[in-house]
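Open the model in your viewer and keep the sequence beside it. This tour goes from stop to stop, saying what to select and what is there.

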Amino acid sequence: MSALAETTVPPEGVAPTSGRNLPLDTRFTLGAEITPQQWAFLDENGFLIFDQVASADECAGILAAADAQAAKWIAAGTKKVYGIPLFRGRGVDGEEFIARQPFNSVFSDYIRDFVHDDRFQPIRDLIGKNTRVGDQEKDGVVLNRYLNVPGSAYPRLGWHTDGLRDIVYMRMPKRMLNVGLHFDRITREDGGLRLIPGSHKQGVKGFLFGKAYFMDHREDPNEVMVETKPGDLTIHDGRLWHRVEKSQHTGQRSLRRSMYLPYLTDEYQPKDENSRTPPYHHIGALVRRFKQLRFK
Ligand SMILES: O=C(O)CCC(=O)C(=O)O
Ligand SMILES: [Fe+2]
């Protein structure tokens, strides 16, 4: 897999072996630095869970800001922002609902300040030197709202790696870690994030053909469910296979929200009103339209 991503580099002078055999549901604490144990766990398993990195007030502030922006875009009939489609579906009462909302840190100072906060510096250092927040690049800071209701655009998300997107952007993926903030208490019955530990080390063939991208929703014997509390932060390697399972509940009780923070190291490529829609979003939009037709 060396052609697809640089390997992680351990902190200087450290032989990080002690994190390799920890239980897969280990919850770490984010401090001023990534510890050798955390580094080793990430290298071995391809992910890390940090316990409650955001406070309840911060979670509420972020969601309030994103919801206010969503209401504006719904009222204005906005379909795309900087070329990226808003995934629009139905909410709990059949109302218009944005399931995947890009560029949140451009439209809210609160979210912008949060994602630029110093507490994320250790994570930025883990990704690379001179890591920046891609506020206005790729899809920006993305908020996902999963809901299990008729007509939902996004009750679940099939197996994928995030690195494939870079291939679709027509270049080799850089080392990429996906950093996700979680807003809801999620246990197995609530669906949520499932991932295959160690699958980031599978080689190019596994990365490309390990599963049918986004089509396959089946449970994997090696998958791990990631339980979250509001404010938890997860990191996963861009080559790791993961999916989001549908909630066993319906309606408001099924709501799950996650926000992904793009920390980037590659060439600066800001987007604006004239940016084109990347090809994979055209395909995604067709698939969502097809699924929604079945509910009509
Ligand atoms: O909602 C999540 O936690 C995962 C989302 C995801 O995998 C993605 O958007 O690529
Ligand atoms: Fe993903």
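Select strand 1 and look at both of its faces. Phe47 and Ile49 lie on one side, Leu48 and Phe50 on the other, and all four are buried. Both faces of strand 1 are therefore covered. In a regular strand, side chains alternate between the two faces of the sheet. Keep in mind that this is a predicted model.

Now add the partner of strand 1. Strand 12, residues 233-237, runs antiparallel to strand 1, and 4 bridges join the two. Pick Leu48 again: Ile235 in strand 12 stands opposite.

Move on to the loop between strand 1 (47-50) and helix 2 (56-76), and select Gln52 there. Gln52 is not a glycine, yet its phi is positive, about 35°. Is Gln52 buried or partly exposed? Gln52 has 17 other C-beta atoms within 10 Å, so it counts as partly exposed.

Tyr82 is the next stop. Find Tyr82 in the loop between strand 2 (80-81) and strand 3 (84-85). Tyr82 also has a positive phi without being a glycine; the value is near 50°. How many other C-beta atoms lie within 10 Å of Tyr82? There are 20, so Tyr82 is buried. A residue needs 20 or more to count as buried.

From here, select Pro85 and Ala285 together. They are 200 residues apart in sequence, but their C-alpha atoms are 7.8 Å apart in space. Ala285 belongs to helix 8, residues 279-293. Ala285 has 16 C-beta neighbours inside 10 Å, so it is partly exposed.

Next, show residues 87-90 and 96-101. These are strand 4 and strand 5, which pair in the antiparallel sense over 4 bridges. Click on Gly89: its bridge partner is Phe97 in strand 5. Strand 4 and strand 5 form a hairpin, with 5 residues between them. Which residue in the turn has a positive phi? Select Gly94, where phi is about 80°.

Now for an open sheet. Select strands 8, 13, 10 and 11: they form the sheet in that order, and the pairing is antiparallel. The edge strands are strand 8 (157-160) and strand 11 (224-225), each pairing on one side only. Between strand 10 (residues 192-195) and strand 13 (residues 242-245) there are 4 bridges, and these two strands run antiparallel. Highlight Leu193 and find Val244 opposite in strand 13.

Keep Leu193 and Val244 selected and bring up ligand 1. Both residues are among those surrounding ligand 1. Add the others: Asn144, Leu157, Asp162, Gly180, His242 and Ser258. How does this shell divide by residue type? It has 3 nonpolar, 4 polar and 1 charged.

Finally, zoom out to the whole protein chain. Color the chain by secondary structure: it has 8 helices and 15 strands. Of its 296 residues, 39% count as buried. Then consider the contacts with a separation of 6 or more. Residues 24 or more positions apart account for 80% of them. For a last look, return to Pro85 and Ala285, whose positions in sequence are 200 residues apart.

Key: Residues are numbered from 1 along each chain as its sequence is written. Chains are lettered from A and ligands numbered from 1 in the order in which they are written. This is a predicted model: local features need pLDDT of at least 70, side-chain atom pairs count only at pLDDT 80 or more; totals for chains, interfaces and linings use all residues. A residue is near a molecule or strand if its C-beta atom, placed from the backbone, lies within 6 Å of it. Ala, Val, Leu, Ile, Met, Phe, Trp, Tyr, Cys and Pro count as nonpolar, Asp, Glu, Lys and Arg as charged, and the others, Gly among them, as polar. A residue is buried if 20 or more other C-beta atoms lie within 10 Å of its own, exposed if 12 or fewer, and partly exposed in between; C-beta atoms are placed from the backbone. Two residues are in contact if their C-beta atoms, placed from the backbone, lie within 7 Å. Two strands pair if DSSP finds at least two bridges between them.
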